[in-house]
Amino acid sequence: MQQNTFSSPPSTMLAMVLDQPGQPLTLKALPMPVPTGDQVLVKVLACGVCRTDLHILDGELTQPKLPLIPGHEIVGVVAQTGSGVTRLKPGDAVGIPWLGYTCGQCKYCRNGRENLCERAVFTGYTMDGGYATYTVAWEQFCFLLPALYASPAGAPLLCAGLIGFRSYRMVMEKAQTIGIYGFGAAAHIIIQVAVYQGKTVYAFTRPGDTATQAFAMRLGAVWAGDSLQTPPQALDAAIIFAPDGALIPKALTNTDKGGQVICGGIHMSNIPSFPYRLLWEERTIHSVANLTREDGNLFLQLAPQVPVKTTTQLFELHQANEALSQLRSGKIKGAAVLVMPL
């Protein structure tokens, strides 16, 4: 099969590049990547800005490809296909998530847990991502996007939505009262799914963040307060998106017998010691790692039914450092998204 081209891409592209952790991103003109085999070249329309990107930039995730183009919440259009591509064609609207590639052969891939693949490659971490006008991805790990989400508004679904959905799927089906700690990009998406399915949601924010508490109430929470408060009802489950380990014993305190605490982040500060009585009565703590393609397919089928609507703050590509700074300081309501120059 010959390489298939939708429109001839230019010879160079623009990208925001991380040269070393702890340094700001730098805008650079780079050679256009070329898809090979079962890869596709994607013209990036938008890329979400995720808290995981902060963990990479700060060196808390310690093994990035360097230099690195961050970004793993990518919405784009296929511009060119490699010789082995059979499913996608130029012009298709696609989403590219954190999980960039798995081996398909290790014990985890063979038993349906590709999120734990021993040789996984991660978009915007161990392979270049979407803070760029173009990027390359493996065809098998691109999601065809519904028309509703083939825009900057769809970008947060590719990580905040997918990891949030995987976290939410771990909550036992019979759970009715659910607490969400850290009301950012993932929470503002998953609360919509939970409310759609008839759950009662309690939202926990940073102390004093009354604006975000009001935002949570508008999205369907029955109560919103800060993370130090006790909700008016015991929780069947709590999902923690904030990277604060001290929230784990606090969430356990607020869960009922048999309750669950789901940790949805890729990085969290150290968990302080806590008395065993908080874990007793069959409460559990469960971490979430990455995602599977099944998570993505199920979520992208469900999202239009809700329908999930994202609240976004848009930045131009060259404003990536400003977007990251605002995310770090808690100034983003919903999700920050970079949009690419035409």
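1. In this predicted model, a good place to begin is Arg293, which is partly exposed, with a relative accessible area of 26%. Its side chain meets that of Glu114 in a salt bridge, with 2.7 Å from N to O. This pair links distant parts of the chain, since Glu114 sits in the loop between helix H2 (107-110) and strand S8 (121-122), while Arg293 belongs to helix H7 (residues 293-302), and the two are 179 residues apart. Glu114, for its part, counts as buried because its relative accessibility is 10%, and the limit for that word is under 20%.

2. Helix H7 also holds Asp295, which is joined by a salt bridge to Arg166, their closest N and O atoms being 2.8 Å apart. Here too the pair links distant parts of the chain, with Arg166 in helix H3 (residues 160-169) and Asp295 in helix H7, 129 residues apart. Both Arg166 and Asp295 are buried, and these two residues are linked with Arg169 and Glu294 in a network of salt bridges.

3. A further salt bridge runs between Lys89 and Asp92, whose closest N and O atoms are 2.9 Å apart. Asp92 counts as buried, because its relative accessibility is 11%. For the structure as a whole, the search finds nine salt bridges, among them the bridge of Lys89 with Asp92 and that of Arg166 with Asp295.

4. Which residues does Thr212 touch, leaving aside its neighbours within four places in sequence? The contacts of Thr212 counted in this way are Phe183, Thr205 and Lys333. Thr212 itself has its place in helix H5 (residues 210-218), and it is buried, with a relative accessible area of 4%. Its side chain also makes a polar contact, at 2.7 Å, with the side chain of Asp209.

5. Strand S18 (residues 335-339) deserves a careful look, as it is mostly covered, with four of its five residues buried. Strand S4 (residues 39-49) runs antiparallel to S18 and is joined to it by four bridges, and in this pairing Ala46 has Val339 as its bridge partner. Strand S17 (residues 312-316), by contrast, pairs with S18 in the parallel sense, over five bridges, and here Glu316 stands opposite Val339. S17 and S18, together with helix H8 (residues 320-328), make a right-handed β-α-β unit.

6. Turning to the rings, a search of the whole structure finds nine aromatic pairs. One of these is the stacked pair of Trp98 and Phe122, with 5.1 Å from centre to centre and 20 degrees between the planes. Because Trp98 lies in the loop between strand S6 (93-96) and strand S7 (99-101), whereas Phe122 lies in strand S8, the pair ties together parts that are 24 residues apart in sequence. Both Trp98 and Phe122 are buried.

7. Why is the pair of Tyr202 and Trp223 described as tilted? The ring centres of Tyr202 and Trp223 are 6.3 Å apart and their planes stand at 50 degrees, so the pair is tilted. Tyr202 lies in strand S12 (residues 200-205) and Trp223 in strand S13 (residues 223-226), so this pair ties together parts that are 21 residues apart in sequence. Tyr202 is buried, with a relative accessible area of 4%, and Trp223 is also buried, with a relative accessible area of 17%. Ring pairs link Tyr202 and Trp223 with Tyr181 and Phe204 into a cluster.

Conventions
Residues numbered from 1 in each chain as written. Predicted model: local features only at pLDDT ≥ 70, side-chain atom pairs only at ≥ 80, totals over all residues. Heavy atoms only, no water. Salt bridge = Lys/Arg side-chain N within 4 Å of Asp/Glu carboxyl O. Buried < 20%, exposed > 50% of the residue type's maximum accessible area, 1.4 Å probe, protein only. Polar contact = N/O pair within 3.5 Å; in protein donor to acceptor, adjacent residues only side chain to side chain. Contact = heavy atoms within 4.5 Å. Pairing = 2+ DSSP bridges. Right-handed = clockwise from strand over helix to strand, strands pointing away. Phe/Tyr/Trp six-rings, centres within 6.5 Å; stacked < 30°, edge-to-face > 60°.
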